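This report introduces a structure to a reader who has not met it before. Please look over the sequence and the model before reading on.

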Amino acid sequence: MRIMVLRLGHRLPRDERVTTHVCLTSRAFGAEGVIYSGQKDNSLEASVKRISDNWGGKFSIDYEAKPIARIEKMKKDGWAVAHLTMYGMPLPEKVGEIAGKGRILVVVGAEKVPAEVYQLADFNIAIGNQPHSEIAALAITLDRLQGGKELERAFQSNFGGASISLEPAEKGKKIRKA
Ligand code: SAM
C-alpha cells in the first residue's frame, strides 16, 4: 500500500504547528510524503526535511499551488482519494474498500474545504461525525488503513539511514546514535 497526504489551505502563522504535526504524523505512521497547499512555508519544509534526515527513511514534502488540479492528476494516475471530513461516511464502514485501492491520497483541510474536494473525492470519510482535529483524524486513518502495523516494532525498519533512533524501553530512554 502507498499513502500520500494532501494538506489543504495552510495558513501562516495560524497553521504552523498543526501542519508540522500533520507532516510528522504522516511520516511516523507510514505515509511516503505530504503535499501541502495554501501559503508556501519554507521553514515548514526545512523542519520536516531536518526531522526526516535525522530520523531516517524517505519522506517528501512538496508545495502545491493548485491542489484541485493535483487531486485530478493523481486520480488519473490511479490514486484513490480519501478526504477526511466530519461530514463523511464512518471510517470503519469504508476502510477495507479504501485499503484495497493500493494507492491512497488522504486529504485533510485547514480552512473551509472547497465543495469541489467533496465531489472529487472517491471517499469522504469521517472519524466520528464530530468536529475534532486533522491530526487525530489522520493518525486514526493511517492506523486503520495499515491494521496497526505502523505501531509494531518491526515497522521501525522503514526508517533506515537514521542518525538517531530509539530502542523500546520499559523504563527510561534507550537512544541509539549512528
Ligand atoms: N475550520 C476550522 C479551522 O479553520 O481551523 C477547523 C478545521 S478542521 C479541524 C480541519 C480538518 O480536520 C478538516 O478539514 C478535516 O480534514 C479534519 N477533521 C476534523 N474533524 C474530523 C472528523 N470528525 N472526521 C474526519 N476529519 C476531521
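The text below covers the ligand and its surroundings, then a peptide bond, then two helix pairs.

**The ligand and its surroundings**

The model is predicted. In it, 19 residues surround the ligand. L84, A110, I127, G128 and Q130 are the closest of them. By class, the shell around the ligand is made up of nine nonpolar, six polar and four charged residues.

Backbone atoms of the protein also lie within a few ångströms of nitrogen or oxygen atoms of the ligand, as the table shows.

| Residue (backbone N or O atom) | Ligand atom | Distance |
|---|---|---|
| G109 | oxygen | 3.1 Å |
| I127 | nitrogen | 2.9 Å |
| H132 | nitrogen | 3.1 Å |

On its own, the ligand has 570 Å² of accessible area, and the protein covers 77% of that. Three elements give two or more residues to the shell: β4 (80-90), β6 (123-126) and α6 (134-145). Of the elements, β4 gives the most, with three residues.

**A cis peptide bond**

Most peptide bonds are trans. The bond that joins L12 and P13, however, is cis, with omega at about -5°. P13 sits in the loop between β1 (2-10) and α1 (16-28).

**Two helix pairs**

The helix that follows this loop, α1, packs against helix α2 (residues 42-55). Their axes are 10 Å apart, and the angle between the two is about 25°. Angles under 35 degrees count as roughly parallel, so α1 is roughly parallel to α2. The crossing of these two helices, α1 and α2, is right-handed.

The second pair involves α6, one of the elements that give two or more residues to the shell around the ligand. Its partner is helix α4 (residues 91-99), and the axes of α4 and α6 come within 9 Å. Here the axes cross at roughly 55°. Because this angle belongs to none of the parallel, antiparallel or perpendicular ranges, α4 and α6 are oblique to each other. The crossing of α4 and α6 is right-handed.

Methods
Residues numbered from 1 in each chain as written. Predicted model: local features only at pLDDT ≥ 70, side-chain atom pairs only at ≥ 80, totals over all residues. Heavy atoms only, no water. Near = heavy atom within 4 Å. Polar contact = N/O pair within 3.5 Å; in protein donor to acceptor, adjacent residues only side chain to side chain. Areas by Shrake-Rupley, 256 points an atom, 1.4 Å probe, with all protein chains shown as cover. Helix = DSSP H or I, 4+ residues; strand = E, 2+ residues; numbered from the N terminus. Nonpolar A, V, L, I, M, F, W, Y, C, P; charged D, E, K, R; others polar. Axes fitted to C-alpha atoms, helices over the stretch in contact; angles between N-to-C directions. Parallel < 35°, antiparallel > 145°, perpendicular 65-115°, else oblique. Left-handed = near helix turned anticlockwise from the far one by under 90°.
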